[in-house]
Amino acid sequence: MTALGLRLPTGKLLELPAALGRVNRACSTFQTFAEVLRLPTRQMTKLAFPLQELQRQLTPDSRLDLHVKTFDPSLEDISKAESVFTATGRNCIEYLSSAVRLDHAPDLPHPEVCFIGRSNVGKSSLIKALFSLAPEVEVRVSKKPGHTKKMNFFKVGKYFTLVDMPGYGYRAPEDFVDMVETYLKERRNLMRTFLLVDSVVGIQKTDSIAIGMCEEFALPYVMVLTKIDKSSRGHLLKQVLQIQKFVDTETQGCFPQLFPVSSVTYSGIHLLRCFIANITGNLKTNGL
């Protein structure tokens with residue numbers, strides 16, 4: 001897809017990374033939504049609704065390409081969802097266990113969501129950011145790709161279970177296909193699969209295989225675009241438009257709205273928490 005809808009001239013795009021870096025460092029402490037709400041409107045939008053902020057850079061006739069309002073919760077809804085992810089005496093958030101086979105996985109009655117993506121896509125970092133309001137939860141993050149070798153299960157109070165799946169591609173476990181295919185096909189309480197794509201490089205061949213697996217099994221899934229702090233705004237928007245076009249034309253089971261996130265700046269993290277709380281039945285918003 002061409003970038004004809006971009007407002008920014010090409011020369012200006014080269015000036016953005018340094019400026020964005022300064023903004024990112026300034027925003028990196030806003031882990032709670034109450035802190036975000038105290039920010040100026042433009043900065044709040046950038047952190048809470050990064051897709052809407054990107055849409056501002058499009059010409060009016062190009063804005064329809066992004067489904068920014070498919071999931072459109074109120075600020076109050078996002079605030080309420082935060083309680084689901086906040087560890088308290090009555091809301092225990094904890095690592096449960098790991099498994100290499102489905103019959104070794106914990107058998108829980110709660111709804112379940114899983115996160116899957118290419119090695120080094122930032123999956124464990126994203127989960128750690130989602131659990132930042134439960135600092136006692138240990139989510140192991142490594143700079144080396146392929147660190148996660150098993151399915152790691154986290155219990156989020158009485159609400160749902162979150163599963164960190166092994167990364168595919170480089171250094172994937174030898175039994176990755178059997179492990180993941182079996183889980184995706186047979187896990188009865190799996191509500192939604194979150195498929196992570198590196199926003200810097202876009203959809204790769206290995207991502208296409210994972211997407212094909214979700215489509216073949218008729219799984220409802222969501223595309224989460226990671227590392228949005230790593231690109232200039234112009235490059236990021238071009239990637240988002242290309243991925244959105246792919247979702248619209250090449251998929252059936254993918255949720256139409258993309259979720260751009262950064263585990264460094266927490267951009268998009270609050271909205272993603274709200275979406276998870278909603279689809280697991282723990283928050284009823286008018287956004288779905």
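Student: Before we dig in, what does "contact" mean here?
Tutor: Contact means heavy atoms within 4.5 Å. Keep in mind that this is a predicted model.

Student: Ok, then which residues is Ser267 in contact with, leaving aside its neighbours within four places in sequence?
Tutor: Seen that way, Ser267 touches Lys46, Leu47 and Pro50, then Ile228, and also Pro260, Val261 and Ser262.

Student: And where is Ser267 found?
Tutor: Ser267 sits in the loop between S7 and H11.

Student: Buried or exposed, that Ser267?
Tutor: Buried: the relative accessible area of Ser267 is 8%, and the cut-off for buried is under 20%.

Student: What about Tyr266, where is that one found?
Tutor: Tyr266 is in the loop between strand S7 (259-260) and H11. With a relative accessible area of 9%, Tyr266 counts as buried.

Student: What's the phi of Tyr266, roughly?
Tutor: Near 70 degrees, so a positive value in a residue that isn't glycine. For background, most residues other than glycine have a negative phi.

Student: I also flagged Lys227. Is its phi positive or negative?
Tutor: Positive: phi of Lys227 is near 60 degrees, and Lys227 is not a glycine. You'll find Lys227 in the loop that runs between strand S6 (221-226) and helix H10 (233-250).

Student: Switching to Asn278. Which helix is it in?
Tutor: Asn278 belongs to helix H11, which covers residues 269-279. Asn278 is buried, at a relative accessible area of 11%.

Student: How far apart are Asn278 and Ile78?
Tutor: In sequence, 200 residues; in space, their C-alpha atoms are 10.0 Å apart.

Student: Zooming out, what share of the chain's contacts join residues at least 24 apart?
Tutor: 75%, counting contacts between residues at least 6 apart in sequence.

Student: How many helices and strands in the protein chain?
Tutor: Eleven helices and seven strands.

Student: And what share of the residues is buried?
Tutor: Buried residues account for 53% of the 288 in the protein chain.

Student: What about the area the chain exposes?
Tutor: About 13400 Å², with 51% of it supplied by carbon and sulfur atoms.

Student: Last thing: what's the average pLDDT?
Tutor: The protein chain averages 84, and 83% of the residues score at least 70. Over residues 1-28, though, the pLDDT is below 50.

Student: How many contacts does that stretch have in the model, beyond near neighbours in sequence?
Tutor: Residues 1-28 have 39 of them in the model.

Definitions and conventions: Residues are numbered from 1 along each chain as its sequence is written. This is a predicted model: local features need pLDDT of at least 70, side-chain atom pairs count only at pLDDT 80 or more; totals for chains, interfaces and linings use all residues. Side-chain values use heavy atoms; hydrogens and water are left out. Helices (H or I, at least four residues) and strands (E, at least two) are DSSP runs, numbered from the N terminus. Buried means under 20% relative accessible area, exposed over 50%, partly exposed in between (1.4 Å probe, protein chains only). pLDDT is the predictor's confidence in each residue, from 0 to 100. Accessible areas come from the Shrake-Rupley method with a 1.4 Å probe; for residues, only the protein chains shown count as cover.
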